[in-house]
Amino acid sequence: MPHDYGTLIGSSSVRSGLDTDITPLGERALRGVLDHVIAVGDEAESTYLEVKSTLDMNGKAAAAKIAKFLLGAANRRPHEAARHFRGYAVLVIGAQKDGASGVPRGTEAHELEDRLRPYLGPQFPAFEFGRIGVDAEHEVLFVIAQPPQEGHTIFACHKSFQGDDRRDNLEDGAVYVRGTSNTRPARSGEIEALVERVRGGRKPPITLEMEVLGPISRVERVEEVLESLRDYEEEQFGNEPELAKDAFAATSIRLASSVFGGTAHLTTEDRERALATWRKGRTEHIARGREHFLGVALRGVGVRVVSRDRFVAKPHLIVTFHGCEMLDYRDPDDADYATAVEPILRESNPLGAPVDFAALRAHSHNYPVAWRNRENDAEVVLTPESFRPNVPWTSDQDDYVIVARDPQTTSVEITWILTEDGNDEVTSGALELPTDELIDAADLFSSVFLRED
């Protein structure tokens with residue numbers, strides 16, 4: 001929305017000089033511009049100043065002429081525009097040499113903006129709007145274009161207009177620039193200069209500092225320990241009593257076992273079938289048990305990121321832990337022996353199957369952290385709303401744990417790739433991180449599942 005400045009012409013004497021080092025906003029600055037126009041008339045026109053002695057502000061031609069001026073002002077080169085009015089450009093309506101008759105009062109800034117939008121397009125920069133009263137019925141209007149910036153797009157006309165004077169015509173798709181004292185179609189060299197303006201607006205490079213919070217764990221003999229525990233499970237299962245021969249006793253045992261748990265109600269054939277099924281699921285059981293075991297036993301890992309002196313909009317940061325594996329973090333209080341070591345037969349629960357609430361933990365669709373394993377590496381993807389300059393952004397340490405695939409390695413390589421919304425540049429980096437102390441799986445298992453509370 002254009003800003004509306006309202007003032008009234010006073011009786012101060014007219015001066016011919018114009019200070020172009022000022023910002024042409026506010027009463028004092030606008031009076032100075034108007035005095036200069038009254039003093040020299042059309043001679044005041046330049047790349048940064050245009051004068052219309054009168055316009056029918058309700059007519060289509062007026063909207064087209066103002067739009068043409070704004071398009072030309074928006075397509076100036078920033079370093080050239082900055083020499084005068086600090087980059088702004090001004091259109092004065094209702095003044096000429098030796099006088100300012102003005103135009104009828106009643107032009108509203110928002111109404112003018114609505115009439116200009118079809119010519120300027122939806123992405124055109126905002127402009128300022130000022131007025132100085134002449135008398136009770138008339139006023140001089142000022143349309144003030146914003147300074148052009150490096151990186152600004154080329155602003156093309158969005159709608160054609162055919163007027164009585166062909167110099168006022170507009171062509172859909174045409175690019176207009178400010179000449180010495182008028183607005184005209186751009187020449188090839190001027191188009192090329194505008195292309196360079198677009199290229200010159202690239203954002204400064206990103207300097208990212210990365211810190212990993214939590215350990216890169218090393219655990220040896222995990223599968224070996226889980227295999228030993230399975231052997232113990234099978235041994236204990238073989239030592240359990242078989243089903244009683246007496247029919248009444250058998251019925252009683254089945255009933256009690258169904259309520260309170262146990263395997264004594266099974267026949268020899270049932271037990272053999274259960275054992276065969278359990279053995280068949282060995283690979284799946286160990287994989288699931290390993291995930292649960294390490295998830296509850298190891299400390300979680302997070303990432304802290306700092307962007308130095310640079311705002312990063314909608315970052316997409318991929319952090320890769322080479323030669324590592326990532327598993328879901330679980331609260332140590334959720335440690336469950338029967339999940340780590342699959343029993344041959346799970347005890348019956350009168351309230352139904354137990355619910356693993358930790359496994360059901362879910363994040364909202366816009367949660368800024370995602371993780372996965374890719375071949376031999378672990379990958380974290382961070383998508384926060386932004387990285388603010390010099391303000392640490394830290395992920396939670398209860399999302400995942402990281403384990404070195406080779407327990408004997410003493411360090412791992414971490415690489416990262418960052419892209420930013422609206423920026424074609426790709427930023428990357430790498431660091432070497434020492435691993436944590438080597439842990440024996442048997443000691444780790446005992447500390448979590450066999451501890452005395």
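These questions and answers walk through the sheets, rings, cavities and largest pocket of a predicted model.

Q: What is the strand order of the open sheet of five strands?
A: Strands of a sheet pair through backbone hydrogen bonds, either parallel or antiparallel. In this open sheet of five strands the pairing is antiparallel. The order is 15-16-13-20-21.

Q: Which strands stand at the edges of that sheet, each with a single partner strand?
A: An edge strand has a single partner, so one side of it is left without a neighbour in the sheet. The twist of this sheet averages 15° from one strand to the next. The edges are strand 15 (369-374) and strand 21 (423-434).

Q: How many bridges join strand 13 to strand 20?
A: Strand 13 covers residues 316-321 and strand 20 covers residues 411-420. They run antiparallel. One partnership sets leucine 317 with leucine 418 in strand 20. The bridges between strand 13 and strand 20 number six.

Q: What is the bridge partner of isoleucine 318 in strand 16?
A: Strand 13 also runs antiparallel to strand 16 (residues 377-382). Five bridges join strand 13 and strand 16. In strand 16, isoleucine 318 has as its partner valine 381.

Q: Which residue in strand 16 stands opposite asparagine 373?
A: Strand 15 and strand 16 pair over six bridges. Their sense is antiparallel. Opposite asparagine 373, in strand 16, stands alanine 378.

Q: Which are the edge strands of the open sheet of four strands?
A: This open sheet has the order 14-19-10-22, with mixed pairing. An edge strand here pairs on one side only. The twist averages 40° from one strand to the next. The edge strands are strand 14 (324-328) and strand 22 (438-440).

Q: Which residue of strand 19 is the bridge partner of serine 217?
A: Strand 10 (residues 216-220) and strand 19 (residues 400-404) run parallel. Two bridges join them. In strand 19, serine 217 is partnered by valine 403.

Q: What angle does the direction of helix 9 make with that of strand 14?
A: Helix 9 (residues 282-297) packs on the sheet of four strands. It touches strand 10, strand 14 and strand 19. With the direction of strand 14, helix 9 makes an angle of about 85°.

Q: Why is the pair of phenylalanine 293 and phenylalanine 449 tilted?
A: A pair of aromatic rings is described by the distance of the centres and the angle of the planes. The whole structure holds eight aromatic pairs. In this one the centres are 6.2 Å apart. Planes under 30 degrees apart count as stacked and over 60 as edge-to-face, so the pair is tilted with its planes at 55°.

Q: How many residues apart in sequence are the parts tied together by phenylalanine 293 and phenylalanine 449?
A: Phenylalanine 293 lies in helix 9. Phenylalanine 449 lies in helix 11 (residues 441-449). The pair therefore ties together parts whose separation in sequence is 156 residues.

Q: How many charged residues are in the lining of the largest cavity?
A: The count comes to two cavities of 30 Å³ or more. The largest has a volume of about 80 Å³, and its lining includes Leu70, Phe124, Gln146 and His152. By class, this lining has nine nonpolar residues, two polar ones and, of charged residues, no examples.

Q: Which helices each supply at least two residues of the lining of the second largest cavity?
A: The second largest cavity has a volume of about 40 Å³. Among its lining residues are Leu226, Arg230, His285 and Ile286. The lining divides into four nonpolar, one polar and two charged residues. The helices are helix 6 (222-239) and helix 9.

Q: Which residues are the closest to the centre of the largest pocket?
A: About 540 Å³ of space lies in the largest pocket. Strand 2 (49-52), helix 2 (60-74) and strand 8 (183-185) each supply at least two lining residues. The lining divides into four nonpolar, six polar and twelve charged residues. Of the 22 that line the pocket, the closest to its centre are Glu50, Lys52, Arg167, Asp168 and Asn182.

Key: Residues numbered from 1 in each chain as written. Predicted model: local features only at pLDDT ≥ 70, side-chain atom pairs only at ≥ 80, totals over all residues. Heavy atoms only, no water. Pairing = 2+ DSSP bridges. Axes fitted to C-alpha atoms, helices over the stretch in contact; angles between N-to-C directions. Contact = heavy atoms within 4.5 Å. 1 Å grid on protein atoms, 1.4 Å probe; cavity = no way out; pocket = protein on both sides within 12 Å on 5 of 7 lines; lining within 4 Å. Points joined across faces, edges and corners; volume = space filled by probe spheres on them. Nonpolar A, V, L, I, M, F, W, Y, C, P; charged D, E, K, R; others polar. Phe/Tyr/Trp six-rings, centres within 6.5 Å; stacked < 30°, edge-to-face > 60°.
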